[in-house]
Amino acid sequence: MVFVTKPPTENFSYPRGSKVSKFFAGIPLIDLSKPDSKQLIVRACEEFGFFKIINHGVPMEFITRLESEAIKFFSLPLSEKEKAGQPNPLGYGNKHIGKNGDVGWVEYLLLTANTESNSQRFLSVFGQNPEEFCSALNDYISAVKKMTCEILELMAEGLKIQPRNVLSKLLMDEQSDSYFRLNHYPPCPELQDLSARNVIGFGAHTDPQIISVLRSNNTSGLQISLRDGNWIPVPPDHNSFFINVGDSLQVLTNGRFQSVRHRVLANGSKSRVSMIYFGGPPLSEKIAPLQSVMKGEEESMYKEFTWFEYKTSCYNSRLADNRLGNFERIAAS
């Protein structure tokens with residue numbers, strides 16, 4: 001497995017009390033075109049819950065076109081952006097993240113990954129011509145979903161579980177509850193004062209879904225937490241994707257893979273634009289460890305729940321909460 005890292009050089013802030021590791025080999029880098037990618041994916045999911053992929057097959061044209069459309073949207077007057085609807089949870093949000101008091105230096109657009117459902121929302125924003133935005137969105141989501149399913153099938157192969165599509169079929173299902181988010185982190189004027197050390201773009205959290213696929217422009221800010229609690233800056237790469245293990249995948253593998261805590265720090269000089277595909281199962285899907293990943297007499301670490309139950313629990317919690325804690329068997333005993 002190749003590791004890649006370089007120190008960030010931009011002006012962004014470390015929150016007070018943060019432990020930032022100076023002794024880290026780097027983010028796992030996986031080439032999807034190589035035959036050993038499935039084993040390396042499993043190792044990265046076990047050790048970090050996070051990895052970077054290259055040779056992913058998503059056309060750069062789709063990536064740059066959607067980023068261009070996202071920048072156009074976020075450049076609109078606030079009153080125009082708000083026509084996309086208040087985030088409940090879908091819609092346009094500004095600084096307020098969720099309904100439980102979390103805030104950050106961010107504006108965002110949260111959408112369903114069901115591309116047909118988004119057209120009506122953008123009629124109100126772009127008038128009678130939402131086609132360019134919707135076309136860019138649809139092309140990108142379709143290509144990233146295909147790539148994500150390939151990654152999940154490589155995971156299954158690496159775990160030696162059958163059938164190969166045991167995970168990817170949850171995203172391919174017509175009822176798949178998957179989401180897509182565009183984030184914009186404007187330069188934070190408070191950080192021009194070097195004494196400012198506590199501006200968060202998006203607070204520390206894990207993603208509740210099965211898998212998240214992130215792509216951003218070349219502005220720093222993203223960090224992941226290692227198992228020892230140290231925070232690691234993730235060097236940006238606008239040509240590649242970063243993969244997060246989500247809470248649901250942690251349960252499906254009975255804790256063998258662990259969802260990764262991550263956050264975004266405010267940047268004092270550059271704008272950051274990111275786009276994330278959140279691959280989720282159907283609302284009625286029961287989430288429990290797959291029997292094929294259990295060894296011998298191994299017992300489930302989690303109580304069985306539906307995706308709807310877990311999603312509802314997450315929406316009623318704060319970002320930093322240990323949201324799986326309520327579903328652990330140990331906690332219940």
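A cavity, on a 1 Å grid over the protein atoms alone, is a set of points where a 1.4 Å probe fits but cannot get out. A pocket is an open set with protein on both sides within 12 Å along at least five of seven lines, and lining residues have an atom within 4 Å of a point. Grid points are joined across faces, edges and corners; a volume is the space filled by probe spheres set on the points.

This is a predicted model, in which local features need pLDDT of at least 70, side-chain atom pairs count only at pLDDT 80 or more, and totals for chains, interfaces and linings use all residues. Residues are numbered from 1 along each chain as its sequence is written, and side-chain values use heavy atoms, with hydrogens and water left out.

**Exercise 1. Describe the largest cavity.**

Step 1. Count. The structure holds one cavity of 30 Å³ or more.

Step 2. Size it. The largest cavity contains about 50 Å³ of space.

Step 3. List the lining. It consists of L214, S216, T219, S220, G221, L222, V234, P236, F242 and R272.

Step 4. Sort by class. Ala, Val, Leu, Ile, Met, Phe, Trp, Tyr, Cys and Pro count as nonpolar, Asp, Glu, Lys and Arg as charged, and the others, Gly among them, as polar. The cavity lining has five nonpolar, four polar and one charged residue.

**Exercise 2. Describe the largest pocket and find the elements that line it.**

Step 1. Size it. The volume of the largest pocket is about 900 Å³.

Step 2. Find the centre. The lining has 45 residues, and I97, G98, R181, F202 and Y315 lie nearest the centre.

Step 3. Assign elements. Helices (H or I, at least four residues) and strands (E, at least two) are DSSP runs, numbered from the N terminus. Elements that each supply at least two lining residues include β4 (91-97), β6 (179-185), β13 (272-279) and α8 (307-315). The largest share, five residues, comes from β4.

Step 4. Sort by class. The pocket lining has 20 nonpolar, 15 polar and ten charged residues.

**Exercise 3. Work out how β13 is enclosed and which strands pair with it.**

Step 1. Check burial. Buried means under 20% relative accessible area, exposed over 50%, partly exposed in between (1.4 Å probe, protein chains only). Eight of the eight residues of β13 are buried, so β13 is largely enclosed by the rest of the structure.

Step 2. Split the faces. In a regular strand the side chains alternate between the two faces of the sheet. In β13, R272, S274, I276 and F278 take one side, and V273, M275, Y277 and G279 the other.

Step 3. Find partners. Two strands pair if DSSP finds at least two bridges between them. β6 runs antiparallel to β13, with seven bridges. Here H184 has V273 as its bridge partner. Strand β8 (residues 211-216) is also antiparallel to β13, with six bridges. Here R215 has M275 as its bridge partner.

**Exercise 4. Trace the β-α-β unit that starts at β2.**

Step 1. Name the parts. β2, helix α1 (residues 37-47) and β3 form a right-handed unit. Right-handed means that, with the strands pointing away from the viewer, the path from the first strand over the helix to the second runs clockwise.

Step 2. Check the strands. Five of the five residues of β2 (residues 27-31) are buried. Three bridges join β2 to β3 (residues 50-54), and the two run parallel. D31 stands opposite I54.

Step 3. Check the helix. S37, L40, I41, V42, A44 and C45 are the buried residues of α1. They pack against β2, β3, α5 (131-159) and β11 (241-245), where contact means heavy atoms within 4.5 Å.

Step 4. Leave the helix. Just after α1, G49 takes a positive phi of about 70 degrees.
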